[in-house]
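Visitor: I would like a close look at the salt bridges of this chain. Please show the structure, then take me through the charged pairs and what surrounds them.

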Amino acid sequence: MAWTWRFEKSDGTEVQPAVEPEEFSTQGDAESWIGEYWKQLQEGGADQVVLSEDDTVVYGPMSLHAEEV
């Protein structure tokens, strides 16, 4: 079982991440990683991410942009 992130522009086009992720063995590890690197990924051109377990999308797209209040 492998958990992976897909990095996208806001229109769903896949982009290369500014920080290269690994394959994660748990959902928690994948989510911890995105929590640590989301800002660098956003600055590198990714607008949103999608989390998958093997070939199944678990959730997403999830924006990397903070909500403006």
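Guide: In this predicted model, 35% of the 69 residues count as buried. The chain exposes about 4,500 Å², and carbon and sulfur atoms supply 45% of that area. One helix and three strands make up its regular elements, in the order β-α-β-β from the N terminus. The chain is as compact as a globular protein of its length, because its radius of gyration of 11 Å is close to the 11 Å that the globule rule gives for 69 residues. Along the principal axes, the C-alpha atoms fill a box of roughly 35 × 25 × 25 Å. Among contacts between residues at least 6 apart in sequence, 47% join residues at least 24 apart.

Now to the charged pairs. Side chains of opposite charge can pair when their charged atoms come close. The count here is 3 salt bridges, with a side-chain nitrogen of Lys or Arg within 4 Å of a carboxyl oxygen of Asp or Glu as the cut-off.

Start with Arg-6, which takes part in a bridge to Glu-8 with an N to O distance of 2.6 Å. Arg-6 also forms a salt bridge with Glu-14, where the closest N and O atoms are 2.9 Å apart. Arg-6, Glu-8 and Glu-14 are thus joined in a network of salt bridges. As for exposure, Arg-6 is partly exposed, at 30% relative accessibility. Glu-8, in contrast, counts as buried because its relative accessible area is 7%, under the 20% cut-off.

Glu-8 deserves a longer look. Glu-8 sits in strand S1, and its side chain also makes a polar contact of 2.7 Å with the side chain of Gln-48. Setting aside neighbours within four places in sequence, Glu-8 is in contact with Thr-13, Glu-14, Val-15, Ala-46, Asp-47, Gln-48, Val-50 and Pro-61. That list holds Asp-47, whose side chain meets that of Lys-9 in a salt bridge with an N to O distance of 3.8 Å. The Lys-9 and Asp-47 pair links distant parts of the chain, 38 residues apart: Lys-9 is in the loop between strand S1 (3-8) and helix H1 (27-43), and Asp-47 is in the loop between H1 and strand S2 (48-53). The two partners fall in separate exposure classes: Lys-9 is partly exposed, with a relative accessible area of 32%, whereas Asp-47 counts as buried at 15%.

Pro-61, another contact of Glu-8, belongs to strand S3 (residues 56-63). The peptide bond leading from Gly-60 to Pro-61 is cis, with omega near 5°. A further backbone detail concerns Asp-54, in the loop between S2 and S3. Asp-54 is not glycine, yet its phi is positive, near 55°. Its relative accessible area of 45% makes Asp-54 partly exposed. For background, most residues other than glycine have a negative phi, and most peptide bonds are trans.

The nonpolar side chains complete the picture. In soluble globular proteins, nonpolar side chains tend to be buried together. Here the largest nonpolar core has 14 residues, and those with the most contacts inside it are Trp-5, Phe-7, Trp-33, Ile-34 and Leu-41. S1, H1 and S2 each supply at least two residues of this core, and the largest share, 4 residues, comes from H1.

Leu-41 gives a view of the packing around that core. Beyond neighbours within four places in sequence, Leu-41 is in contact with Phe-7, Pro-17, Ala-18, Val-19, Trp-33, Ile-34, Ala-46 and Leu-64. Ala-46 also appears among the contacts of Glu-8. Ala-18, for its part, lies in the loop between S1 and H1 and counts as partly exposed at 48% relative accessibility. With residues up to four places away in sequence left out, Ala-18 touches Gln-40, Leu-41 and Gly-44. Ala-18 and Val-49 are 31 residues apart in sequence, and their C-alpha atoms are 13 Å apart in space.

To return to the request, the salt bridges number 3. Arg-6, Glu-8 and Glu-14 share a network, and Lys-9 pairs with Asp-47.

Key:
Residues are numbered from 1 along each chain as its sequence is written. This is a predicted model: local features need pLDDT of at least 70, side-chain atom pairs count only at pLDDT 80 or more; totals for chains, interfaces and linings use all residues. Side-chain values use heavy atoms; hydrogens and water are left out. Buried means under 20% relative accessible area, exposed over 50%, partly exposed in between (1.4 Å probe, protein chains only). A nonpolar core is a set of buried Ala, Val, Leu, Ile, Met, Phe, Trp, Tyr and Cys residues joined through side-chain atoms within 4.5 Å. Contact means heavy atoms within 4.5 Å. The radius of gyration is taken over C-alpha atoms; the globule rule is 2.2 Å times the number of residues to the power 0.38. Accessible areas come from the Shrake-Rupley method with a 1.4 Å probe; for residues, only the protein chains shown count as cover. A polar contact is a pair of N or O atoms within 3.5 Å; within protein, one must be able to donate a hydrogen and the other to accept it, and residues adjacent in sequence count only if both atoms are side-chain atoms.
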